[in-house]
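I am opening my notebook on a structure that is new to me. I will write down what I looked up and what I found, one topic at a time.

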Amino acid sequence: MRRGLLCLPLLASVACGDLTGDTDAATLGTSDASTSTSTAGSTNPTTTQTPPDTSEGSMSGAETTTTGAPTGTSEPPTSTTGDPPKADMGTSGGEFLRCHDAPPDGATLAPDIPAYGGSCPTLEIGYMEGQAFNVLPQQLGNNTVERQFLVIAPEDAAPDERLPVIFLWHWLGGDAQDFYERGDVQNAVNQKRFIAVIPEAREGLLFKWPFSAIDSDADLQAEFQFFDDMLSCVAEQFSVNKECVASTGVSAGALFTSQLAGGRGDVLSSFMSLSGGTGGAIKPWTAPAHKMPAMVLWGGPDDFCILIDFEQTSKDLEQNLEAGGHFVLECVHNCNHSTPPFPVERGETAFAPLWDFFLDHPYWLAPGESPYNEFGVPAGMPDWCAIGVGNAVPPPEPCDKNECS
C-alpha cells in the first residue's frame, strides 16, 4: 500500500527528519502579524537595458572570510576579468545567452532591487569554523529577533563583477553550515561565478520554514520579508545581476522554496525544488505573474520521509507549473529521500547541474521558454532529467540509499 501524507493533527506533532540530523520538534511560530524593520518591497518588471557583463573565475578550495566587498550600482560597469565558459551543450553544438550575458534587445527585465529600510551591516563573506553569521533584525509580533545568514561569494571577485545570486534553504535536520559544506559552495561560487546566500532557520517554527498548512500566513510573510532584506543588503554591498536571482532548497527547504516562488515570483528568475513540492498537508501553490523555469527533482516512488510522500508533493507542484505555463525540467533519481546523485565531471562540484540550471535561465526568458527547448538538455545534466512533466526516467540500477532519519 502506498504511503501518503498523514492527517494534520499528526503533522502538528511529528516533524519529518530530512537528509541527516535531528527531527526534534520546536513550538509553532507566532501567528501575530509580523513585519520587518525593512521597507523593501517588490516592484514591477522593467524593460531598461543593462550593459553586458563578463567575468572569469578560478577554482579554489580555500575557505576565507573577508569584509568590505564591492558596492553595487543600478548600472553596473563591465567586468574586466573575461568571459566565463559556456555550458556544455552536448551534441547540439549551439550556444545561448546565460546569466553572465547581456539581455537581448527588448527583453522584459527584472525589477530593481529595493533599498533596505534600515542600515545594512557590513557583510562577512565566506565561512570558516567558528565564524559569526551575518545578522539582520526582524520584528515578529512584539519581539525583535536576529535573523542569521551566510553570504558566499567568489574569493577573487572583481570590484566591477556583476554576480547572479541564489538562495539556499536547508533541510529540517540541517542548518546553513551543513548546506555550505554538503554543496561545496565556496568552490562552486569560485568556479561558476555567483553569490550564494544561505539563510539559517529561526527558532519557533515546527518545521524550520513556514510551508505547512498549519503555519500562519504571518510567519510566511515574515520569511518573504527576510528574503527581501537579505537580497537588498547583498545588492548594497555587491554589484548584483538582478536578472539572475534564484532560489533552491532541499526537502523542508524545497517545500519553502515553492512558497517563495509563488510569493516572490516577480523577483526570481528560476527555482529548483529538491524533494519538495506543494499540496496536501503542504500549503498550495500560489501562481506568480512571472513565469519562471523550474527544476523539480525527487527520489522516485519511495522518496518518503516520516509524514510526506515527496513524489506526491513534487507531482502536485509540477501539475501547477504546467497549468500555469512554466517551463519544467523534471529530474527523478531512484535513491529515495537522499542527496541527489548528480553525475559530475572531474573538477566540478557535487551540485554542478543545479548551478548550471540556475545560470542557464535568466529572468528575461519568455513564459514557458528555456534554451533547453531549442538546444536540448545539456550533456552535463543527469540522464534521469527530461523536459516536461512525466518524461523523466529514473536510473534502472537499484539504489537503496535513504537519508531520512
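Is Ser-247 buried or exposed? I should say at the outset that I am working from a predicted model. I found that Ser-247 has a relative accessibility of 0%, and because buried means under 20%, Ser-247 counts as buried.

I then looked up where Ser-247 sits, and it belongs to strand S6, which covers residues 240-250. Leaving aside residues up to four places away in sequence, I noted that Ser-247 touches several others, among them Ile-166, Phe-167, Trp-169, Leu-260 and Phe-271. Thr-257 is also one of the residues it touches, and here I found a polar contact between the two side chains, at 3.4 Å.

**Backbone angles**

Next I turned to phi. Most residues other than glycine have a negative phi. Asp-184 is not a glycine, yet I read a positive phi of about 50° for it. I located Asp-184 in the loop between helix H2 (176-182) and helix H3 (185-192), and with a relative accessible area of 30% Asp-184 is partly exposed.

I made a second entry of this kind for Asn-336, which is not a glycine either and has a positive phi of about 60°. Asn-336 lies in the loop between strand S11 (328-332) and helix H7 (352-360), and at 11% relative accessibility Asn-336 counts as buried.

**Helix H7**

How many of the residues of H7 are buried? I found that nine of its nine residues are buried, so H7 is mostly covered. The buried residues include Pro-353, Trp-355, Phe-357 and Phe-358, and also the acidic pair Asp-356 and Asp-360.

**Salt bridges**

Side chains of opposite charge can pair when their charged atoms come close. My search of the whole structure gave 13 salt bridges, and I followed some of them up.

I looked at Arg-193 and Glu-161, whose side chains meet in a salt bridge at 3.0 Å, N to O. This pair links distant parts of the chain, 32 residues apart, with Arg-193 in the loop between H3 and strand S5 (195-199) and Glu-161 in the loop between strand S3 (143-152) and strand S4 (163-169). I recorded both Arg-193 and Glu-161 as buried.

I then took Asp-219 and Arg-202, which meet in a salt bridge at 2.6 Å, N to O. Asp-219 is in helix H4 (residues 217-237) and Arg-202 is in the loop between S5 and H4, 17 residues apart. Asp-219 counts as buried at 1% relative accessibility, and Arg-202 counts as buried at 10%.

Helix H4 came up again with Asp-228, which forms a salt bridge with Arg-264, the closest N and O atoms being 2.8 Å apart. Because Asp-228 lies in helix H4 and Arg-264 in the loop between helix H5 (252-263) and strand S7 (270-274), the pair ties together parts that are 36 residues apart in sequence. Both Asp-228 and Arg-264 are buried. I also noted that salt bridges with shared partners join Arg-98, Lys-192, Glu-348, Asp-356 and Asp-360 into one network.

**Disulfides**

How many disulfides are there? My count came to five, and with bonded cysteines counted along the chain they follow the pattern 1-4, 2-3, 5-10, 6-8, 7-9.

For Cys-120 and Cys-233 I found sulfur atoms 2.1 Å apart and a left-handed link, with -85° about the S-S bond. The pair spans 113 residues, from Cys-120 in the loop between strand S1 (34-36) and strand S2 (134-140) to Cys-233 in helix H4. Cys-120 counts as buried at 14% relative accessibility, and Cys-233 is buried with a relative accessible area of 1%.

For Cys-331 and Cys-385 the sulfur atoms are 2.0 Å apart, and the torsion about the S-S bond is about 115°, so this disulfide is right-handed. Cys-331 is in strand S11 and Cys-385 in strand S12 (residues 385-387), 54 residues apart, and both are buried.

I closed with Cys-335 and Cys-399, which form a disulfide with sulfur atoms 2.1 Å apart and a right-handed link, with 110° about the S-S bond. Cys-335 lies in the loop between S11 and H7, and Cys-399 in the segment after S12, 64 residues apart. Cys-335 is buried, with a relative accessible area of 6%, whereas Cys-399, at 23%, counts as partly exposed.

Definitions and conventions
Residues are numbered from 1 along each chain as its sequence is written. This is a predicted model: local features need pLDDT of at least 70, side-chain atom pairs count only at pLDDT 80 or more; totals for chains, interfaces and linings use all residues. Side-chain values use heavy atoms; hydrogens and water are left out. Helices (H or I, at least four residues) and strands (E, at least two) are DSSP runs, numbered from the N terminus. Buried means under 20% relative accessible area, exposed over 50%, partly exposed in between (1.4 Å probe, protein chains only). A polar contact is a pair of N or O atoms within 3.5 Å; within protein, one must be able to donate a hydrogen and the other to accept it, and residues adjacent in sequence count only if both atoms are side-chain atoms. Contact means heavy atoms within 4.5 Å. A salt bridge is a side-chain nitrogen of Lys or Arg within 4 Å of a carboxyl oxygen of Asp or Glu. A disulfide is a pair of cysteine sulfur atoms within 2.5 Å.
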